[in-house]
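Trainee: Please give me a close look at how the strands are arranged in this model. Start with the overall build and end with the sheets.

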Amino acid sequence: MSQKVLLTAKEIHIILHRLACQLLENHLDFSNTVLIGLQPRGIFLADRLTKLLKEEYKVKDIRLGFLDITFYRDDFRRGEKTLQANMTKINFLVEDKNVVFIDDVLYTGRSIRAALTAIQSFGRPSNIELLTLIDRRFSRHLPIQPNYRGRQVDAINDERVKVMWEENDGKDVVYLINK
Amino acid sequence: MSELSVRHLLGIKYLNKNDIELIFETADHFKEVINRSIKKVPTLRDTTIANIFFENSTRTKLSFELAEKRLSADIINFSASQSSVKKGETLIDTVNNILSMKVDMVVMRHSSPGAGIFLAKHVKASIINAGDGAHEHPTQALLDSYSIRERLGEVQGKNVVIVGDILHSRVALSNIFALRLQGANVKVCGPKTLIPKFIETLGVEVETDLVKALEWCDVANMLRVQNERMDISYFPSTREYTQQFGINRKLLEGLNKEIVIMHPGPINRGVEITSDVADSDQSIILDQVENGVAVRMAVIYLLASKIK
């Protein structure tokens, strides 16, 4: 198993600022926009962007929720293991809101498909966008593309992208791991 | 600890501590789901579940049915009173006929202890025991422990007294197994005639004085006197039973602490518990009912994910 660094902490820092600015450009004061971090790994990116928007770009009020898609996945009973859920935490309705899904890696698109169904339990959004730190090109199973992407990567199937966050894994870095 | 150690839920006796923790963690997520405005998830849309009830039930049957519907399973309901069982069909024949209709899971209540275990040996489907005679009622014990965990933070180290008809109660036996497995201290309290001999071998203590039991406990689980299972008289009169083993406001106010009151239902108001206690803030009886749906969703979800 070998691994190479796709993004360093500095590169991640720059990308996060760019993504925050792109969100600002489209959503201005976020009065009708909600951010939804997808469990389990999208919540760190969602937290970071929210913090950045509040502290660096002085957006006063941002609603952030975490959505777990386990019970909406299309691979129930298809793998060896029981799918374990994570906590959903959405304390608002998304009815008529602009929703931005935030996840660390976009790969097959199946998680996003599940999230599109899951979010309907919280109302009918006005529209839904997708923000992802890493976009694995050419590996989609479904017609799903991000609206905001940190870095596009051409990874072949037996390679894995691993995103690590300082608050959870000790450092900010993205690896491409060759199995 | 990502999956259950069992394929069927026949009794708490067959579970380990990790199974219970996994069920509770999963139930936490389902509790969040059933408090949304849309309370349904599509997980089990390709699963068919048969609810087979050979004995009367209101709460358990409704709770299972709701849990299955919230998970999007297809369900069929069967009660023995309206079926060919009355015409002499055996249990295995009845169930195999139902399974020929491509049923993946069976939730069964039966008056014979061990009926679920017997069935699990003879049919392919995953079996959930919803009460077998005076043997076990595992989902009730799970939701009871889950409700204690929710109210008091944890089950381990808590003192729980089970009061009433221990002899005929499947709820008592399953609760004893579940509570001991999680490290709670358990006492049983009731008329000597309604406490099985050698119950101490299960790791519980017997207390025949209700006041002493209440002073000791953090939680009192009040059971119903099961008149329908009594072929002889176990105590002189209902009035005397109530005087010795019924709880009321005055009794609770005399204690030096506030305890949690539980009851698996159906309640005989004025017999084992008075209305002012059953409807008080100390009582978590209705929380138990709400948690029942979440816990049953968790059990069904975890067992269904093991069906190949």
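**From overall build to sheets**

Mentor: Chain A of this predicted model contains 4 helices and 8 strands. In sequence order, these elements follow the pattern β-α-β-α-β-β-α-β-β-β-α-β. The radius of gyration of chain A is 16 Å, close to the 16 Å that the globule rule gives for 179 residues, so chain A is as compact as a globular protein of that length. Its C-alpha trace spans about 45 × 40 × 30 Å along the principal axes. Of the 179 residues in chain A, 37% are buried. Among the contacts in chain A with a separation of 6 or more, 68% are between residues 24 or more positions apart.

Next, the contact between the chains. Chain A puts 16 residues into it and chain B puts in 13. On the side of chain B that touches chain A, helix α1 (residues 17-33) of chain B gives the most, with 3 residues. By class, that side of chain B has 5 nonpolar, 5 polar and 3 charged residues.

Now the interior. In soluble globular proteins, nonpolar side chains tend to be buried together. The largest nonpolar core here has 136 residues, and those with the most contacts inside it are A:I36, A:F101, A:I102, B:I23, B:V106, B:A220 and B:A298. Helix α11 (residues 285-304) of chain B gives the most to this core, with 11 residues. As for A:I102, leaving aside residues up to four places away in sequence, it touches A:L35, A:I36, A:G37, A:L38, A:G42, A:L45, A:A46, A:L49 and A:L131.

That leaves the sheets of chain B. One is an open sheet of 4 strands in the order β2-β1-β3-β4, with parallel pairing. Strands β2 (74-79) and β4 of chain B stand at its edges with a single partner strand each, so one side of each has no neighbour in the sheet. Ignoring direction, neighbouring strands of this sheet are turned by 15 degrees against each other on average. Strand β4 (residues 126-132) of chain B is nonetheless mostly covered, with 7 of its 7 residues buried. Its pairing with strand β3 (residues 105-110) of chain B is in the parallel sense and runs over 5 bridges. Within this pair, B:M105 has B:S126 in β4(B) as its bridge partner, and B:H110 has B:D132 in β4(B).

Another open sheet in chain B has 5 strands in the order β7-β6-β5-β8-β9, again with parallel pairing. Its edge strands are β7 (205-207) and β9 (260-262) of chain B, each pairing on one side only. From one strand to the next, the twist averages 25 degrees. Strand β5 (residues 159-163) of chain B pairs with strand β8 (residues 219-222) of chain B in the parallel sense, over 4 bridges. One point along that pair is B:V163, whose bridge partner in β8(B) is B:M222. Helix α6 (residues 170-181) of chain B lies across β5, β6 (185-189) and β8 of chain B, and runs at about 160 degrees to β6(B).

Two of the residues already named link these sheets to the interior. B:V106 falls within the residue range of strand β3 of chain B, and B:A220 within that of strand β8 of chain B. Both B:V106 and B:A220 are listed with the most contacts inside the largest nonpolar core.

Technical notes. Residues are numbered from 1 along each chain as its sequence is written. Chains are lettered from A and ligands numbered from 1 in the order in which they are written. This is a predicted model: local features need pLDDT of at least 70, side-chain atom pairs count only at pLDDT 80 or more; totals for chains, interfaces and linings use all residues. Two residues are in contact if their C-beta atoms, placed from the backbone, lie within 7 Å. Helices (H or I, at least four residues) and strands (E, at least two) are DSSP runs, numbered from the N terminus. Ala, Val, Leu, Ile, Met, Phe, Trp, Tyr, Cys and Pro count as nonpolar, Asp, Glu, Lys and Arg as charged, and the others, Gly among them, as polar. The radius of gyration is taken over C-alpha atoms; the globule rule is 2.2 Å times the number of residues to the power 0.38. A residue is buried if 20 or more other C-beta atoms lie within 10 Å of its own, exposed if 12 or fewer, and partly exposed in between; C-beta atoms are placed from the backbone. A nonpolar core is a set of buried Ala, Val, Leu, Ile, Met, Phe, Trp, Tyr and Cys residues joined through C-beta atoms within 7 Å. Two strands pair if DSSP finds at least two bridges between them. Axes are lines fitted to C-alpha atoms, for helices over the stretch in contact, and angles run from 0 to 180 degrees between N-to-C directions.
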